[in-house]
Amino acid sequence: MNPIDKALFHILQRCGLIAILRGVQPHEVVAIGHALYDAGFRIIEVPLNSPEPLASIRALRDALPADCLVGAGTVLSIDAVADVAAAGGQIIVMPHSDPDVIRAARAAGMACAPGVATLTEAYAALAAGANMLKLFPAEALPPHVLKAWRAVITPPMALVPVGGIVPESIAPYAAAGASGFGLGSALYRPGDQAPEVAHKAAAFARAWQASFGTAPATA
C-alpha cells in the first residue's frame with residue numbers, strides 16, 4: 001500500500017464519515033473544513049460540479065493537518081484526475097465505475113472510490129484497482145443488500161453507502177457491515193456556515209460512536 005492507502009485504511013478504522021461539500025465556495029471552505037476536522041472527520045470531498053472546486057481542494061489541503069485526506073467527487077474523466085492531483089487531491093470519488101478513471105487515479109498515487117450499484121460493477125472496479133467501493137445510491141441499496149454483498153466482499157475492502165444518509169441510517173448499515181458513509185446534504189448544503197456544519201457533524205459523530213464503539217478523533 002502507498003502512504004495514502006495506508007492513511008485511508010487507518011482513518012476508516014477510527015471514523016469512516018466522509019464529508020461531501022457539494023456547492024461549497026473557496027472563500028468559505030477552510031472554516032468549514034476546520035469545523036469538520038474538529039468534529040473528527042478525516043476525509044473531505046469537494047465535488048467537481050461545485051464553484052471553483054480545485055481552488056477549494058487546494059485551500060483545504062493547505063489548511064488542514066496531514067492526517068486529513070482531501071479529494072474530489074463527481075470525477076468523470078482521466079483529465080479531471082490529473083487536475084485534482086495538481087490541486088493536491090488525495091482521493092478520487094466517482095458516481096460511476098469507469099476502469100480508465102480508476103486506473104488513472106491509482107497510477108497518480110491517489111485512493112479511488114468508484115460508485116457501484118451491482119456486484120458486477122463492484123468486481124470490475126476492484127479489478128481496475130479501486131480501494132474503496134461507494135454504494136450509490138444508497139437509497140436503492142438498503143442494509144440487507146449490503147449485508148448480502150458482505151458475504152462475498154469481505155473486510156478490509158471498504159463498502160461505503162452514499163446518498164440519503166442521515167444519523168439514523170448509521171446503525172442499520174453498520175450492523176450490515178458498512179465501513180463508512182458519504183454524507184451529503186444532511187451534513188452540508190450550499191450556504192451553510194461553519195457553526196451549522198459543526199452541529200450537524202457532531203450528530204453524525206455521535207451516531208458513529210454509538211454504532212461502531214470508537215469515537216472520532218478530535219482536534
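The following exchange explains how several terms apply to this predicted model.

Author: Residues are numbered from 1 along each chain as its sequence is written. In this predicted model, local features need pLDDT of at least 70 and side-chain atom pairs count only at pLDDT 80 or more, while totals for chains, interfaces and linings use all residues, and side-chain values use heavy atoms, without hydrogens and water.

Reader: Why is Lys200 called buried?

Author: Buried means under 20% relative accessible area, exposed over 50%, and partly exposed in between (1.4 Å probe, protein chains only). Lys200 has 18% relative accessibility, and therefore counts as buried.

Reader: What makes Leu119 partly exposed?

Author: Its relative accessibility is 30%, so Leu119 falls into the partly exposed class.

Reader: How do you know that the side chains of Lys200 and Asp192 share a polar contact?

Author: A polar contact is a pair of N or O atoms within 3.5 Å; within protein, one must be able to donate a hydrogen and the other to accept it, and residues adjacent in sequence count only if both atoms are side-chain atoms. The two side chains are joined at 2.9 Å.

Reader: Which residues does Phe41 touch, leaving out those up to four places away in sequence?

Author: Contact means heavy atoms within 4.5 Å. Among the residues that Phe41 touches are Leu17, Leu36, Cys68 and Phe204.

Reader: What makes a set of residues a nonpolar core?

Author: Its members are buried Ala, Val, Leu, Ile, Met, Phe, Trp, Tyr and Cys residues, joined through side-chain atoms within 4.5 Å. The largest such core has 63 residues, of which Leu36, Phe41 and Leu133 touch the most other members.
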